[in-house]
Amino acid sequence: MIIKGFCHPPLSSERREAELDCSQTGQVTLRCGEHVIMASVAELQISPPLGALPASIVFADGWQFKAGLDYELAEWVRHNTIQPQRWVHRLERNWLAIVVSVALVVVLGLSVYRYGIPAASHALTRLLPQAVPVYLGEHVLETLDEHMLSPSLLDAQAQWQIQDRFALLQDNLPPLPFELNIVFRSWPHGPNAFALSDGTVVVLDSLVEMATTPAELDSILLHEVGHVYHQHVMESVVQSALISVAAALIVGDSSGMADMLTSTGVFVASSGYSRDAEREADQFAAEQMLKNYGTT
């Protein structure tokens, strides 16, 4: 069997006409102009067809041969390579297999995003040393104070009353991963309260002013304590940072990870949590309100 095609000399992109003599069992002969190379099949580096890429043969001294009509060499390669490569090559050219593979990759990607990353975030959060959420909480509060929040305008007596009542609520709380600390800040863009990763609960003046009863304010504070109890802050930070950290490691630039985690913490604090996290915090607050006030 003579297969006509072209060859490339070693370490060269020059293309020359050539033919491959495969008539002898277990041996091939490459003829390219004045060059004649004989080699056993065992000495060859045989590359089967890969998708749209043609089959090729590389000799021990670096000469490479490709057929003019790819199916001729591909057929010879199939008979001179290990059997499993046949079905791999068929799959690579099968459009149905390609479409199914793409669909499986999409389903797998969505499953990882919906279930895998949250599960990994939950597990990783519990493995982190306590210094990490403490460090993050402190730096997030510093960043918020620098760029968004202002010192509280509430009088000292109002702050003490809320802190005393908050301390009494803590007597009936289940064990928490962090010691709670309530701080007051002012912000002109609406009432709000939010928890940080180190157990700090930030209460805005406008929320205190809007609350019609102490119990109403307590229910909001207990909701934020629920986020601390379930460590939703760190879970959200870890979940948001996983892809970014992976990308940073891939490109070899991990110098800005601390700043990135801080900015992610600021985003979580200002934008909120997932629906599942909010439901868990609501459930926690309802249970504590029932325990302290006899009603939710």
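1. V183 in strand 9 has V202 as its bridge partner in strand 11. Strand 9 (residues 181-186) and strand 11 (residues 200-204) run parallel and are joined by five bridges. Strands here are DSSP runs of E with at least two residues, helices are runs of H or I with at least four, and both are numbered from the N terminus; two strands pair if DSSP finds at least two bridges between them.

2. A word on the basis: this is a predicted model, where local features need pLDDT of at least 70, side-chain atom pairs count only at pLDDT 80 or more, and totals for chains, interfaces and linings use all residues. Residues are numbered from 1 along each chain as its sequence is written, and side-chain values use heavy atoms, with hydrogens and water left out.

3. Now the sheet around that pair. It is open, has four strands in the order 8-9-11-10, and its pairing is mixed. Strand 8 (150-151) and strand 10 (193-195) are the edges, each pairing on one side only.

4. Helix 7 (residues 214-229) packs on this sheet and touches strand 9, strand 10 and strand 11; contact means heavy atoms within 4.5 Å. Buried residues in helix 7 include L217, L221 and V225 (buried is under 20% relative accessible area, exposed over 50%, partly exposed in between, with a 1.4 Å probe and protein chains only). Just after helix 7 comes Q231, with a positive phi near 55°.

5. Strand 9 also takes part in a salt bridge: R185 meets D145 at 2.8 Å, N to O. A salt bridge is a side-chain nitrogen of Lys or Arg within 4 Å of a carboxyl oxygen of Asp or Glu, and by this rule there are eight. R185 lies in strand 9 and D145 in helix 4 (residues 131-147), so the pair ties together parts 40 residues apart in sequence. R185 counts as buried at 17% relative accessibility, while D145 is partly exposed at 30%.

6. Another salt bridge links E235 and R126, with the closest N and O atoms 2.4 Å apart. E235 sits in helix 8 (residues 232-251) and R126 in helix 3 (residues 95-127), 109 residues apart.

7. Have a look at the N-terminal strands too. Strand 2 (residues 16-21) pairs antiparallel with strand 3 (residues 27-32) over three bridges, and strand 3 is joined to strand 4 (residues 35-40) by six bridges, also antiparallel. R31 is the bridge partner of E19, and V36 in strand 4 is a bridge partner of R31.

Note on methods. Axes are lines fitted to C-alpha atoms, for helices over the stretch in contact, and angles run from 0 to 180 degrees between N-to-C directions.
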